[in-house]
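Trainee: Could you walk me through a few of the labels people put on a model like this? I'd like to hear the reasoning behind each one.

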Amino acid sequence: HVGGQVKLHSTAGSTGTTSGALVVGGGAGIAGSLYVGQALGVTGNSTLSGTLDVSGVTKVKSTVTSDSSATGALVVSGGVGVGGSLNVQGSSKVTGGLTLESTLSVSGVASVSNTSNSSAHDNGALVVSGGVGVGGSLNVNGNTKVTGTLQASGITTISNNLIVSGSNGTLTVDKETTLNHTLSVAKLATFSEDVQIGKNLV
């Protein structure tokens, strides 16, 4: 038992568990704080029951890849709060919901692999609560349903039947229109300009 301070004047450095100014063959129990002036090397597992505060840069040198929330070079059982930017060089996978409270900018191609069909504005593989602005062409492989007003300021080409129905069912054309196929109108149709019809008008 030593009642006072123990000072070791040796300046021998340590490169492992068997070298240094103080070598302990077994474990060491420390009831108070531990201060290390230089690097700290731990070859086994470490368990921290309190908070770990790091004022410098923390680097994890393991190169283990991650394919789930339980694998990878760094595995966190709980949540992670990041106060600054997050840069990910590889792919990112989110198995739960993802909420973005700011702008999402995508410089590459954005693909939605979900194949849910849409029968209304509030279902489908992609649901947008507000408006959508498209700067280029829009190609739709399936049916297109518009419950509001459809305005076309450029040339509109319809290669198949055009059917206008519903409670209002009104088709208004105020410019020159060419129809090469069947036009079926269940309600009133108003034309304020010339209409060219290549086949029979029924």
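What follows is a short chat about patches, exposure and contacts in this predicted model.

Trainee: Why is Val80 called exposed?

Mentor: Val80 has 61% relative accessibility, and exposed means over 50%, so Val80 earns the label. As for its place, Val80 sits in the segment before strand E1 (162-164).

Trainee: Which nonpolar surface patch does Val80 belong to?

Mentor: One of about 680 Å², made by Val60, Leu74, Val76, Val80, Val82, Leu86 and Val88. Patch residues need over 30% relative accessible area, and Val80 at 61% clears that cut-off.

Trainee: Why is Ser68 called partly exposed?

Mentor: Ser68 comes in at 36%. Buried is under 20%, exposed is over 50%, and partly exposed is in between, so 36% puts Ser68 in that class. Ser68 is also in the segment before E1, and its C-alpha is 63 Å from that of Glu193, 125 residues along the chain.

Trainee: What makes up the negative surface patch?

Mentor: Asp174, Glu176, Glu193 and Asp194 form it. Asp and Glu count as negative, so each of these four fits the name. Asp174 is in the loop between strand E2 (171-173) and strand E3 (177-179), while Asp194 is in the loop between strand E5 (189-191) and strand E6 (195-197).

Trainee: And is Asp194 buried or exposed?

Mentor: Exposed: its relative accessible area is 62%, and the cut-off is over 50%.

Trainee: Which residues does Asp194 contact, leaving aside neighbours within four places in sequence?

Mentor: Glu176 and Thr177. Contact means heavy atoms within 4.5 Å, so both residues have a heavy atom within that distance of Asp194. For Thr178, 16 residues away in sequence, the C-alpha to C-alpha distance from Asp194 is 9.3 Å.

Trainee: What does Ser66 touch, not counting residues up to four places away in sequence?

Mentor: Thr71 and Gly72. Ser66 is in the segment before E1, and its C-alpha is 9.7 Å from that of Ser91, 25 residues apart along the chain.

Technical notes
Residues numbered from 1 in each chain as written. Predicted model: local features only at pLDDT ≥ 70, side-chain atom pairs only at ≥ 80, totals over all residues. Heavy atoms only, no water. Patch = residues over 30% accessible without salt bridge, like charges linked within 9 Å, V, L, I, M, F, W, Y side chains within 5 Å. Areas by Shrake-Rupley, 256 points an atom, 1.4 Å probe, with all protein chains shown as cover. Salt bridge = Lys/Arg side-chain N within 4 Å of Asp/Glu carboxyl O. Charge placed at Lys NZ, Arg CZ, Asp CG, Glu CD. Helix = DSSP H or I, 4+ residues; strand = E, 2+ residues; numbered from the N terminus. Buried < 20%, exposed > 50% of the residue type's maximum accessible area, 1.4 Å probe, protein only.
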